[in-house]
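Colleague: Got a minute to walk me through this one? I'd like to go through the packing piece by piece.

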Amino acid sequence: MNNNELKKMTYREAIRLGMTEEMRRDDNVIFMGGDIGPRVGAFCLSAEMIDEFGEERILDTPISEAAMVGTAVGAAATGLRPICEIMFMDFVTFAMDALVNQGAKMRYMFGGQTQVPMVLRLPAGSGTGAGAQHSQSLEAWLCHVPGLKVVTPSTPAQAKGLIKAAIRDNNPVCFIEHRLLYKIEDDVPLDEDFMVEIGKTFIERPGKDITIVTYGTLLPKAMEAAVLLAAEGIDVEILNPVTLYPMDMKPVVESVIKTGRVIVAHEASKTGGVGGEIVARIAESEAFDYLNAPIIRLAGLDIPIPYNRKLEAAVVPQTKDFIRAVYCLLDCE
Amino acid sequence: MIELSEGILLRMYYKMNQARFFEEKVADLMPGGLVHGTAPLSMGQEAIDVVSCLALEKGDLVSLTHRGHSQAIGFGLDVNLMMAELLGKATGYCKGKGGSMHIADVKNGNIGANGVFGGGFNLSCGAALTQKYKKTGKVVLCFAGDEAANEGSFHESLNLASIWKLPIVFLIENNLNGLTTPVSKHMNIKNISDRSTSYDIPGITIDGSDPLEVYNTLLKALRYARAGKGPVLLEAKTYRYNGHSKSGAQDNSPEEEVEEWRKKDPVLKLKNYLKDNQVFTDKQIQTIEDEAGNSIENALEFAMASPEPEVTAVLDDVYACEVGE
């Protein structure tokens, strides 16, 4: 069905709609996760899906992340297209052999004999008071593994388009969804062929004075900062590398050439983070000669996520941090 | 015990010899550097490695271990392409990118030899899920070693396979030794099959050096899994004569232990059976051995004459490019 209709829905509903459409389209798509059974998953994503697709396709697994992800890899290599949900990204630790040593390597190691079309959904991030073991943003680990693709949507429309593209992709795709975004509501295309292409960085807001590269839950904060700064006559361009790996750097380089000033921001802790890679690639590119100021990285502090609301907020960049960083860069001549 | 046909006994003896000759050849090649990496050998384990695969039906799948040459030969892989892979040639199963520990033939049901201890348990659950979901009636035979049964993946996958009634035969080749340490130092139970109790699935321990016992037990286990009753945990007590791998070439297994198992050599055991029961004449047996030996000489010749991969191929096949329909 091709239509131009838009519907307001939450990020969570958009992911579910994307999965549902793909499961209707392709019988080989199955969905498994810990505790997504008849009594409904921890984040209610599987509600209704079980009624439509039954327990043959909505597979409730024990809390055995290694078995679940390994099963997805084995099923993908033999003809199914599994979607797998790990309740908290923190627990991808249990599944690292299946993901890193098996899923990411099978195709290459076997000389191209097979493919592993699977999606690993990873709810991530802080801000919910869940503490140090349920709040991490571990995307940089995954971006260090050739063979995986890593994507992270920031809006409901991206969430729907990207989950569909991830399901149709013939590689293992890690789909990182930020829990703070689940309740965000926005227009989502109902067109069943609407997809967000994997491997593209998007310009979320065009501008000419300064470039901000950010993703996930920091995008709304950057957008908020841009609106406040616009009132002061500062025109911010915001880029969103929705695909973190392999990353499309071309729009970033072009933007930096235009503005000469760049902030790279993410919630994950700074050391070894994806931001360092983005900055290095800017430095390696022709944009280096156009920089009018040092590059600023805004990132999570290099500490575990604390419980207390005030402390938790202090760990990750906030809107005011974007504003401060923008003024700091504009002061550099 | 069912009466075995001449045909199956011929296949058993031929393939067990092929496996033995293949590994003897690899052992010869390793010090010279022709085999660039490691190549874990399983000489002594041919009954369980080879014969278990002969009990499979067409379309059944296997997941092999890092010590998987003989398992692959049992499953019917082409020794030419295997030898080419060990020599890192472009004609090898994995175009020279896998080597000894990663020999795969996915389209024919070998979902790959696995370099990770216990790495194949979960993958087998996935392959079996596909069979169950698509109602193919096929079974997955999952090979693993004794130490793999101490990995978390063993327990997670047995539990999952049990509750989902997946068609898998988990086959633990207990060769009594880890890298260098006796298994008895790493687990207090005598039989790994006892662990089946925790998952409410059948668990059986057999003499893995006896080709006929292996064959008959596998037939039963595969029939059970194929009938939709769920997985089976089989444990075969066996022995490898060589060290763990390159690093374990100087093995410290007690000499008397090695000697005791050499007396139970599976290839010799089958040979004696064939003679004693007059299945084949001495001359026929000699012919089978010669043909198996020749196939390995030819494999080496094929591998030696094969080209190396182009350096530009290093970038190929990291990702599948096309998008699914």
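**Helices, core and contacts**

Modeller: Sure, starting with α6(B): its buried residues are S153(B), F154(B), E156(B), S157(B), L158(B), L160(B) and A161(B). Bear in mind that this is a predicted model.

Colleague: What do the buried residues of α6(B) pack against?

Modeller: Elements of both chains: β3 (58–61) and α3 from chain A, plus α5, β4 (168–174) and β6 (232–237) from chain B.

Colleague: And how far apart are the end C-alpha atoms of α6(B)?

Modeller: They are 17 Å apart. With 12 residues at 1.5 Å a residue, α6(B) should span 16 Å, so the two agree. After the helix comes K165(B), which has a positive phi, near 50°.

Colleague: Now the chain contact. How many residues does each chain put in?

Modeller: Chain B gives 35 residues and chain A gives 39 residues. On the chain B side, β2 (110–114), α5 (119–133) and α6 (152–163) each supply at least two residues. The largest share of that side is from α5(B), with 10 residues.

Colleague: What's the split by class on the chain B side?

Modeller: The side of chain B that touches chain A has 16 nonpolar, 13 polar and 6 charged residues.

Colleague: Back to α5(B) then. How many of its residues are buried?

Modeller: 13 of the 15 are buried, so α5(B) is largely enclosed by the rest of the structure. Its length works out as well: the expected span is 21 Å, and the end C-alpha atoms sit 22 Å apart, which agrees. K135(B) follows α5(B), and its phi is positive, near 50°.

Colleague: Switching to the largest nonpolar core. Which residues touch the most other members?

Modeller: I168(B), V169(B) and F170(B), in a core of 192 residues. Helix α3 (residues 65–77) of chain A provides the largest share of this core, 9 residues. Domain 1 (6–189) and domain 2 (202–331) of chain A each contribute at least three residues to the core.

Colleague: Which residues is F170(B) in contact with, leaving aside neighbours within four places in sequence?

Modeller: C142(B), A144(B), L158(B), P231(B), V232(B), L233(B) and L234(B). One of those, L158(B), is also among the buried residues of α6(B).

Colleague: OK, domains of chain A. How far apart are the C-alpha centres?

Modeller: Domain 1 and domain 2 of chain A have their C-alpha centres 26 Å apart. Their contact takes 24 residues from domain 1 and 22 residues from domain 2. α6, β6 and α7 of chain A each supply at least two residues on the domain 1 side, and that side has 10 nonpolar, 12 polar and 2 charged residues.

Colleague: Where is T155(A)?

Modeller: In the loop between β6 (149–151) and α7 (156–168) of chain A.

Colleague: Why does T155(A) count as buried?

Modeller: Because T155(A) has 24 C-beta neighbours inside 10 Å, and the cut-off for buried is 20 or more. Its C-alpha is 8.2 Å from that of E185(A), 30 residues apart along the chain.

Colleague: Last one: which residues of α10(A) are buried?

Modeller: V274(A), G275(A), I278(A) and I282(A). Down the axis of α10(A) they fall within an arc of 105°, so they line one face of the helix. The face turned away from the buried side of α10(A) has A280(A), A283(A) and E284(A) exposed.

Colleague: And what covers the buried residues of α10(A)?

Modeller: The cover includes α6 (139–143), β10 (210–214), β12 (243–245), α9 (250–259), β13 (262–269) and β14 (296–300) of chain A.

Methods
Residues are numbered from 1 along each chain as its sequence is written. Chains are lettered from A and ligands numbered from 1 in the order in which they are written. This is a predicted model: local features need pLDDT of at least 70, side-chain atom pairs count only at pLDDT 80 or more; totals for chains, interfaces and linings use all residues. Two residues are in contact if their C-beta atoms, placed from the backbone, lie within 7 Å. Helices (H or I, at least four residues) and strands (E, at least two) are DSSP runs, numbered from the N terminus. Ala, Val, Leu, Ile, Met, Phe, Trp, Tyr, Cys and Pro count as nonpolar, Asp, Glu, Lys and Arg as charged, and the others, Gly among them, as polar. A nonpolar core is a set of buried Ala, Val, Leu, Ile, Met, Phe, Trp, Tyr and Cys residues joined through C-beta atoms within 7 Å. A residue is buried if 20 or more other C-beta atoms lie within 10 Å of its own, exposed if 12 or fewer, and partly exposed in between; C-beta atoms are placed from the backbone. Domain bounds come from an automatic or database domain assignment. The arc is that of the directions from the helix axis to the C-beta atoms. The expected span of a helix is 1.5 Å times one less than its number of residues.
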